[in-house]
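Dear colleague,

I am handing over the structure we spoke about, with the sequence alongside. My notes follow below it, and I would be glad if you read them with the model open.

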Amino acid sequence: MALMITDECINCDVCEPECPNDAISMGENFYQIDPHRCTECVGHFEEAQCVQICPVACIPVNPAHVESRETLLQKYQRLQALEPAPQLPAS
Ligand code: SF4
Ligand code: SF4
């Protein structure tokens, strides 16, 4: 499942840099999550990083994007294929 940010968001800015998939961005009035990029942190972390850090607990599951862990893993792999991690310079 992708997660979503509700209008209880206080725009504290702390979640956006924590997202490993760059799924969080500023919306019209408060932050938003792109459901096509949110993997619930599957592939990166055991826990959803934005949920862990949000001070007002305004990041529930998005009921319009219910996905299994397997589907989330496939999304993660698709995102990785699109944007491979930068190669470390040869030393
Ligand atoms: S659950 Fe993870 S991937 Fe989804 S928006 Fe939060 S930090 Fe990003
Ligand atoms: S951490 Fe929570 S309150 Fe802060 S910007 Fe993100 S969603 Fe909004």
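Is Gln-77 buried or exposed? Gln-77 counts as exposed because 12 other C-beta atoms lie within 10 Å, where a residue is called buried if 20 or more other C-beta atoms lie within 10 Å of its own, exposed if 12 or fewer, and partly exposed in between, with C-beta atoms placed from the backbone.

Before the rest, two remarks on provenance. This is a predicted model, in which local features need pLDDT of at least 70 and side-chain atom pairs count only at pLDDT 80 or more, while totals for chains, interfaces and linings use all residues. Residues are numbered from 1 along each chain as its sequence is written, and chains are lettered from A and ligands numbered from 1 in the order in which they are written.

Overall architecture

The protein contains two helices and two strands, these being DSSP runs numbered from the N terminus (H or I with at least four residues for helices, E with at least two for strands). Along the sequence they appear in the pattern β-β-α-α. Taken along the principal axes, the C-alpha atoms occupy a box of roughly 45 × 30 × 25 Å, and 23% of the 91 residues are buried. Of the contacts between residues at least 6 apart in sequence, 70% join residues at least 24 apart, a contact being a pair whose C-beta atoms, placed from the backbone, lie within 7 Å.

The core

The largest nonpolar core (a set of buried Ala, Val, Leu, Ile, Met, Phe, Trp, Tyr and Cys residues joined through C-beta atoms within 7 Å) has 16 residues, and those with the most contacts inside it are Leu-3, Cys-15, Ile-24, Ile-33 and Cys-50. Beyond its neighbours within four places in sequence, Leu-3 touches, among others, Ile-33, Cys-38, Glu-40, Ala-48 and Cys-50, and its contacts also include Val-51, Ile-59, Pro-60, Val-61 and Asn-62.

The two ligands

Around ligand 1 there are 14 residues, of which Cys-19, Cys-38, Cys-41, Ala-48 and Cys-50 come nearest; a residue is taken as near if its C-beta atom, placed from the backbone, lies within 6 Å of the molecule. That shell divides into nine nonpolar, three polar and two charged residues, with Ala, Val, Leu, Ile, Met, Phe, Trp, Tyr, Cys and Pro counted as nonpolar, Asp, Glu, Lys and Arg as charged, and the others, Gly among them, as polar. Ligand 2 likewise has 14 residues around it, and Cys-9, Cys-12, Cys-15, Tyr-31 and Cys-54 come nearest; by class, its shell holds 12 nonpolar, one polar and one charged.

Positive phi angles

Two residues deserve a look at the backbone. Asp-13, in the segment before strand E1 (24-26), has a positive phi near 75 degrees although it is not a glycine, and it counts as exposed because 10 C-beta neighbours lie inside 10 Å. Glu-40, in the loop between strand E2 (31-33) and helix H1 (49-53), also is not a glycine and has a positive phi of about 60 degrees, but Glu-40 counts as buried because it has 25 C-beta neighbours inside 10 Å.

Helix H2 and the loop before it

Gln-77, the residue of the opening question, sits in helix H2 (residues 69-82), and its C-alpha lies 10.0 Å from that of Val-42, with their positions 35 residues apart in sequence. Glu-70 is also placed in helix H2; it is exposed, with 9 other C-beta atoms within 10 Å, and it is 28 residues from Val-42 in sequence and 9.2 Å from it in space, C-alpha to C-alpha. Arg-78 belongs to helix H2 as well and is exposed, with 12 other C-beta atoms within 10 Å; its C-alpha is separated by 9.7 Å from that of Arg-37, 41 residues apart along the chain. Finally, Pro-55 is found in the loop between H1 and H2 and is exposed, with 9 other C-beta atoms within 10 Å, while Pro-55 and Cys-9, 46 residues apart in sequence, are 9.1 Å apart in space, C-alpha to C-alpha.

With best regards

Terms used: Contact = placed C-beta atoms within 7 Å.
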